[in-house]
Amino acid sequence: MKDRLIRMIEKEGHFRAFAIDSHGMVEEARRIHGTSPVVTAGLGRSLSAAAMMGAELKTQQETISVQLKGDGPVGCIVAVSDSDSRVRGYVGEPLVDLPLKPNGKLDVSGSIGQGHLTVVHDLGMKEPYVGRVELQSGEIAEDIAYYYATSQQTPSVVALGVLVDRDYTVKAAGGYIVQLMPDCPEEVVSKLEENVAHMPAVTQMLAEQHTLEEMMEKILQGFSYDITEEREPVYHCNCGRERIERVLISLGKKELLDMAREQNGAEIRCHFCNKTYPFSEDELRELVRKI
Ligand SMILES: [Zn+2]
């Protein structure tokens, strides 16, 4: 089954919403990085959020990245999306193993610890826009809601979930974001809050084969809205030899010559997809000539 992402707007324009079924992309991320369940959950939530944030981007050159950095054992989680919701990501330490929380849930916040959420909106030309907030819960959804409220002045409801199966594969993954527009009336806010309070967990609904439309009908109950877009988010790495060459060139002459001399060449691995690119000593020297 393919992943899906839908976008909605309330008829009077009081809020807009995004919802994602990200089962396939999160399983692909788990397969590439060989993550343990708690890291699969943290990375999967971040990728799902990035894909929805990617759906807000206006031009093809733009990307958005969600970066969590903390003092917990996972170190960092990075998720990047382009404007087509093609996502890629990586983590500091993929094999973190922590006891379940008292409620039986994976301890995502324990794996991340205290730290920051940074959102980088790269416009593809000028300086990127960088928003940074302190982690509130480390469970990611609350942290992204806090980022929207403080950094973007957009109060939002964010829910993200990843359900890991007994064999460690991904059983369900997805989430939603509801963003209130400026001047959203108080009764709209309280009705939304009431709906959200009565919602089952995202992963429960997706694992029970509910569609995104059914999930959003519950959250947006009592409102008229249109589904304005549907797309297929995927895990996709855009690396290639040329891109890696540019990174190597950016290291500078001295670094490259050291690499060529001391290591008889180098093998560069892409963080996002683990593909390796071998460079012989001669090829490294050729790059130095290009500088
Ligand atoms: Zn790659």
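In this predicted model, Asp107 is a buried residue without a salt bridge. The nearest side chain of opposite charge belongs to Lys101, at a distance of 4.9 Å. Because a salt bridge requires a side-chain nitrogen of Lys or Arg within 4 Å of a carboxyl oxygen of Asp or Glu, the separation of 4.9 Å from Lys101 does not qualify. Asp107 is located in the loop that runs between strand S5 (86-91) and helix H3 (108-112). A polar atom of the Asp107 side chain lies 2.9 Å from the backbone nitrogen of Gly110. When neighbours within four places in sequence are left aside, the residues in contact with Asp107 are Val38, Leu98, Pro99 and Lys101. Lys101 thus appears both as a contact of Asp107 and as the residue carrying its nearest side chain of opposite charge.

The packing of two helices was examined next. Two packed helices are described by the angle between their axes and by the distance between those axes. For helix H8 (residues 241-251) and helix H9 (residues 253-263), the angle is about 110° and the axes are 5 Å apart. Angles of 65 to 115 degrees count as roughly perpendicular, and H8 and H9 are therefore roughly perpendicular to each other. On the H8 side, the contact is made by Leu248, Ile249 and Leu251. On the H9 side, Glu255, Leu256 and Met259 take part.

Positive phi values in residues other than glycine were also considered. Tyr168 has a phi near 75°, a positive value, and is not a glycine. Tyr168 is placed in the loop between strand S8 (156-164) and strand S9 (170-180). The relative accessibility of Tyr168 is 48%, so the residue counts as partly exposed. Asn274, likewise not a glycine, has a positive phi of about 65°. The loop containing Asn274 connects strand S12 (266-269) and strand S13 (276-279). With a relative accessible area of 29%, Asn274 is partly exposed.

A further loop position is that of Gly222, found between helix H7 (212-219) and strand S10 (225-231). Gly222 has a relative accessibility of 70% and therefore counts as exposed. In sequence, Gly222 and Lys191 are separated by 31 residues, while in space their C-alpha atoms are 8.1 Å apart.

Conventions:
Residues numbered from 1 in each chain as written. Predicted model: local features only at pLDDT ≥ 70, side-chain atom pairs only at ≥ 80, totals over all residues. Heavy atoms only, no water. Helix = DSSP H or I, 4+ residues; strand = E, 2+ residues; numbered from the N terminus. Buried < 20%, exposed > 50% of the residue type's maximum accessible area, 1.4 Å probe, protein only. Lys, Arg positive; Asp, Glu negative; His and termini not counted. Polar contact = N/O pair within 3.5 Å; in protein donor to acceptor, adjacent residues only side chain to side chain. Contact = heavy atoms within 4.5 Å. Axes fitted to C-alpha atoms, helices over the stretch in contact; angles between N-to-C directions. Parallel < 35°, antiparallel > 145°, perpendicular 65-115°, else oblique.
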